[in-house]
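Biologist: I would like a close look at a single part of this model. Please keep it brisk.

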Amino acid sequence: MICAVHKHILTGGPKRLPCTIPPLIFNSLKFVRQLHSHDENAPEDEASAMPEKFFQILNQIIEALSIVPVPELALKLYLECAEAANDSGLEPVAYEFFTQAYMLYEEEISDSKAQVTAIHLIIGTLQRMHIFGVENRDTLTHKATGYSAKLLKKPDQCRAVYACSHLFWVDDQDNIKDGERVLLCLKRALRIANAAQQMSTATRGSSGSVLLFIEILNKYLYFFEKGVSQINVPSIQSLIELITTEMQSENTTADPAADTYFASTLRYIQFQKDKGGAVGEKFEPIRHQVIIK
């Protein structure tokens, strides 16, 4: 039936394909998930054969978008299929869809804004995947972090790199808890944020907003609260002091949004202290003061 619909849709031509293919893909994925839930008690070979055939057809359907072309849409659909394959327990199929998405990113998506959107879609989808073995996941995460660091603008690089830290610490997956690589991502993001500050000083005569540093501080606090041992009080304290110093500097560009964000972050730290118990004890050593400008 899907094959018949596919053939009919192709007759619509390149202008209609971006509108007609996505509904076909999403409805097909809905059916595959229903099929998987019904076949959970069936023998493994029988349970996986039908979804694999569906995914092969869906791959061919997405490839039809190359005649338009709309690589951003195709990438999103590949990632949706990868997540559905993940839910169906089909690691090779999920890896193949990720490979197709990466190829599109490398070869077809050249617009800088489209790259930012695409890399965050990749990171978000990969974070939710639980089917991959160590080797396949390492390959995919390595590529994602590499893409992130090569985005055109430094702020975009920074945000994508610190987003990659979530690829190495997933709450509901005990086998994905690598504090060292979380810390490496955050340190790399800090270096990029610092480079962005230096670039702003060289080109504008001011050091620019401290917003990136505050965003990274919030990532430090997130992983600190999650129990990542490599994220400790001294590293958080050092970052708070760096932000405070930058905000008090005369060369720093005024940014009310950054001021509000930092004040909110400090209030959150105080809120955690006031909870008492284990949480309050954990946050108590962090020293901070509200900055008045």
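Which helices are included in what covers the buried residues of α6? Please go through that helix closely, then turn to α11 and its packing.

Modeller: This is a predicted model. The cover over the buried residues of α6 includes α4 (71-87), α5 (91-107), α7 (134-149) and α8 (154-164). Helix α6 itself runs over residues 112-128, which is 17 residues. From first C-alpha to last it reaches 25 Å, close to the 24 Å expected at 1.5 Å a residue. Its N-terminal end is capped by Asp111. There, a side-chain oxygen of Asp111 lies 3.2 Å from the backbone nitrogen of Lys113. Beneath the cover sit the buried residues Ala114, Gln115, Val116, Ala118 and Ile119. Further along α6, Ile122, Ile123, Gly124, Thr125 and Leu126 are buried too.

Now α11. This helix has 16 residues and reaches 22 Å, close to the 22 Å expected at 1.5 Å a residue. Among its buried residues are Val233, Ser235, Ile236, Gln237 and Leu239. Helices α9 (179-204), α10 (211-226), α12 and α13 (277-283) are included in their cover.

Take α12 from that set. Helix α11 (residues 233-248) packs against α12 (residues 256-274) at an angle of about 145°. Their axes are 12 Å apart, and the crossing is left-handed. On the α11 side, Ile240, Ile243, Thr244 and Met247 make the contact. These four are buried as well. They meet Asp259, Phe262 and Ile269 in α12. The contact residues divide into five nonpolar, one polar and one charged.

Methods: Residues numbered from 1 in each chain as written. Predicted model: local features only at pLDDT ≥ 70, side-chain atom pairs only at ≥ 80, totals over all residues. Heavy atoms only, no water. Axes fitted to C-alpha atoms, helices over the stretch in contact; angles between N-to-C directions. Helix = DSSP H or I, 4+ residues; strand = E, 2+ residues; numbered from the N terminus. Left-handed = near helix turned anticlockwise from the far one by under 90°. Contact = heavy atoms within 4.5 Å. Nonpolar A, V, L, I, M, F, W, Y, C, P; charged D, E, K, R; others polar. Expected span 1.5 Å × (residues − 1). Buried < 20%, exposed > 50% of the residue type's maximum accessible area, 1.4 Å probe, protein only. Polar contact = N/O pair within 3.5 Å; in protein donor to acceptor, adjacent residues only side chain to side chain.
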